[in-house]
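Please find below some notes on the model, set out as numbered points. They are meant to be read with the structure open alongside.

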Amino acid sequence: VVVSESEAEQTARYANPIRGNVQNLNVEVEVEPLFTLSFYEEERPIQTKKAMNYEPFLEKLAQDGVPMYKLRITNTDRPLKQSEIDYHFRSIDLYSKKIEEHQNQAVFYFARAIDFALVKDIDNAINDLSRAIYLQNDFVLAYFHRANLRFQQILFYQADGSLSDKHFGNEFMLVMQDLDKITEMAPGFIYAWYNRGNMRFMQKDYRSALE
């Protein structure tokens, strides 16, 4: 489409942004944050969220002896208070004792990984999630959280300037493999689809992000 009017003339003529040639508007596109697992989220002034579709996975945790009823999937998670950080360090100790007694129970590694992630010990969180997946290769939430944490590491090292193109490619491939595994096992788990699209968008792979 060829438009003869200059941008300045267009702006002057139409003070109302919904009038005129809408395709000429300069719009900054921003995506919502990634969905992640957390016990904590910011309160929004207006309730706009719909019911989440992950309850069966959380119910399975409770059946396996980990009552994590307050665990949720959210993209408005908030920083922890010091008292909350202290609580999760104590929880790490408790799950470590459970793991000593039940070394082949994937759910305890997963629960400890949630605590590690919340106190920002990402390496240990990823190690625990990998162990949980090794013990239970259909553990959807473990794949989901590991993909998110690995992507967090990529963003950190990108900002730090210490990530080579080759290393980035290898790490990003691991993230996509985890999300691909989820979409194969649980195609109705919409948060994996959304996060995968979001990650591709952030890497400026817009065609794949749209798909």
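1. Asp178 is a suitable place to begin. This residue is buried, because its relative accessible area is 3%, and the cut-off for buried is under 20%. It should be kept in mind that the model is a predicted one.

2. Which residue forms a salt bridge with Asp178? The partner is Arg150, and the closest N and O atoms of the pair are 3.3 Å apart. Asp178 belongs to helix α7 (residues 165–185) and Arg150 to helix α6, so the salt bridge ties together parts that lie 28 residues apart in sequence. Arg150 also counts as buried, because its relative accessibility is 13% and the limit is 20%. In general, side chains of opposite charge can pair when their charged atoms come close.

3. The pair is part of a wider arrangement. Arg146, Arg150 and Asp178 are linked in a network of salt bridges. Both arginines of this network, Arg146 and Arg150, are in contact with Ser130, when neighbours of Ser130 within four places in sequence are left aside. With Arg146 there is a polar contact between the two side chains, at 3.0 Å.

4. Ser130 itself is found in helix α5. Is Ser130 buried or partly exposed? Ser130 is partly exposed, because its relative accessible area is 24%, and buried would require a value under 20%. The C-alpha atoms of Ser130 and Tyr109 are 8.8 Å apart in space, while the two residues are 21 apart in sequence.

5. Helix α5 deserves a point of its own. The helix runs over residues 122–135, which makes 14 residues, and it reaches 20 Å from its first C-alpha to its last. This is close to the 20 Å expected at 1.5 Å a residue. Its buried residues are Ile122, Ala125, Ile126, Asp128, Leu129, Ala132 and Ile133. They lie on the same side of α5, because they cover an arc of only 160° around the axis. Among the elements that cover these buried residues are α4 (106–118) and α6 (140–160).

6. Helix α4 also contains Asp115. What is the nearest side chain of opposite charge to Asp115, and how far away is it? It is Arg112, at 7.8 Å; Asp115 is buried yet has no salt bridge. For comparison, a salt bridge requires a nitrogen and an oxygen within 4 Å. Not counting residues up to four places away in sequence, Asp115 touches His88, Ser91, Ile92 and Tyr95.

7. How many salt bridges are counted in the model? The count comes to seven. One of them joins Arg72 and Glu41, with the closest N and O atoms 3.0 Å apart. This pair links distant parts of the chain, 31 residues apart: Arg72 is in strand β2 (residues 72–74), and Glu41 is in the loop between β1 (36–38) and α2 (55–63). Arg72 is partly exposed, with a relative accessible area of 24%, whereas Glu41 is buried, with a relative accessible area of 15%.

8. A further salt bridge is formed by the side chains of Asp205 and Arg200, at 3.6 Å from N to O. Asp205 is partly exposed, with a relative accessible area of 29%. Asp178, by contrast, is buried at 3%.

Methods
Residues are numbered from 1 along each chain as its sequence is written. This is a predicted model: local features need pLDDT of at least 70, side-chain atom pairs count only at pLDDT 80 or more; totals for chains, interfaces and linings use all residues. Side-chain values use heavy atoms; hydrogens and water are left out. Helices (H or I, at least four residues) and strands (E, at least two) are DSSP runs, numbered from the N terminus. The expected span of a helix is 1.5 Å times one less than its number of residues. Buried means under 20% relative accessible area, exposed over 50%, partly exposed in between (1.4 Å probe, protein chains only). The arc is that of the directions from the helix axis to the C-beta atoms. Contact means heavy atoms within 4.5 Å. Lys and Arg count as positive and Asp and Glu as negative; His and the chain ends are not counted. A polar contact is a pair of N or O atoms within 3.5 Å; within protein, one must be able to donate a hydrogen and the other to accept it, and residues adjacent in sequence count only if both atoms are side-chain atoms.
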